[in-house]
Amino acid sequence: MIELKHVTKTFSSSGSSVHAVKDVSLSIADGEVFGIIGFSGAGKSTLVRCINLLERPESGEVLIDGTDLTKLPEKELREFRKKIGMIFQHFNLMPSRTVYNNIGFALRHSGLSKEEKDKKILSLLELVDLQDKKDAYPSQLSGGQKQRVAIARALANDPRILLCDEATSALDPQTTKSILKLLESVNKKLGITMIIITHQMEVVKDICDKVAVMEHGSVVEEGETIEVFSHPRKPVTKSFIETAGSIGKIYDLIAEDSPITRLAPGQKMYLLTYSTDTTREAIISYVSRTYDVDASVSFGNVEVLKDKPLGKLVVIFSGEEENIEKALKYMQDAGIETEELK
Ligand SMILES: Nc1ncnc2c1ncn2[C@@H]1O[C@H](COP(=O)(O)OP(=O)(O)O)[C@@H](O)[C@H]1O
Ligand SMILES: [Mg+2]
């Protein structure tokens, strides 16, 4: 449905230039929830603004249902943009208008009658569960409520695509969860394709079917969320996983020579990563019995990505070196990633 081909955007000012987006190509299917994750300055916002041409790429194509937006005349582009809603980190509501009128403002060029607009606004308020705040002003709302108004406004013209640029970054974890739930239900109920830009691993983990990881203006890794995060290939992706769980701490603990990371002679410490199919099998107890090695789990965590578990365990093996090797080989063949920590 959305296809970006070799999109490039450079900002130039007073002699210096910033390559914000470098030759990015992506395909996003109809109805998908697609995450774009990256640290601050990676080029995520610029890329997403190229999708609705708020930023015009200097080269490349932006195809939506096969139409290249970069080639459309201004008037047709304006029509096309109605298909694309957008929400932001700081909500961008109009402070002097009520909730009702903030949403109504989006319908000013809709051609609907007054009654039709009223009906539409009320149904949107119901969708985002804010019927009782209809006459409130933005200053009287919590952050989560403001974002709900912004979502209702973004959906006013029945878009087929919703772009979410750090939509939960200004919210506390609990409110973030509730906004993600709302976005998920909008995706399911209305079939709207969503692009979720974030620097928060939790957001991608919760609702994205697919994810692209950006760094220095380029997409460095992309695929199914579970695939990308269970077999990360790039350091930037690994560091996102570490920010999400406690497991990244193991590297610090080893560096500090913490007592829980001290090994007796003959022991080896491994980080095991396993996903989906391999999760339920009791592989560790199996290899322990079969190859006569002791396996003690010193810590770990299991993330749930959408509905799929991704487990990470720090395990200390002791036994004959040869047996440990065999046990590791067995686990690797079963799809478990093994990384020797110590
Ligand atoms: N309007 C602009 N003018 C000049 N530089 C910009 C502009 N917008 C973004 N940039 C630069 O482009 C790079 C990418 O920014 P941005 O897309 O906002 O990243 P992200 O959203 O991942 O934090 C940054 O180096 C930023 O400073
Ligand atoms: Mg940004």
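In the predicted model, buried residues account for 37% of the 342 residues in the protein. Among contacts with a separation of 6 or more, 67% link residues 24 or more positions apart. The C-alpha trace spans about 80 × 50 × 35 Å along its principal axes, and the protein contains 12 helices and 14 strands.

An open sheet is built from 6 of the strands, arranged in the order β6-β7-β8-β3-β9-β10 with mixed pairing. The edge positions are taken by β6 (84-88) and β10 (218-224); each of these has a single partner strand, so one side of each is left without a neighbour in the sheet. From one strand to the next, the twist averages 15 degrees. In general, the strands of a sheet pair through backbone hydrogen bonds, in either a parallel or an antiparallel manner.

Within this sheet, β3 follows β8 in the strand order. Strand β3 comprises residues 33-37 and strand β8 residues 193-198; the two run parallel and are joined by 5 bridges. In this pairing, G35 stands opposite I196 of β8.

Helical packing against the sheet is illustrated by α5. This helix, formed by residues 143-154, lies across β6 and β7 (161-165). With respect to β6, helix α5 runs at about 165 degrees. Strand β6 is also an edge strand of the sheet, and β7 stands next to β6 in the strand order.

Key:
Residues numbered from 1 in each chain as written. Chains lettered and ligands numbered in written order. Predicted model: local features only at pLDDT ≥ 70, side-chain atom pairs only at ≥ 80, totals over all residues. Helix = DSSP H or I, 4+ residues; strand = E, 2+ residues; numbered from the N terminus. Buried ≥ 20, exposed ≤ 12 C-beta atoms within 10 Å, placed from the backbone. Contact = placed C-beta atoms within 7 Å. Pairing = 2+ DSSP bridges. Axes fitted to C-alpha atoms, helices over the stretch in contact; angles between N-to-C directions.
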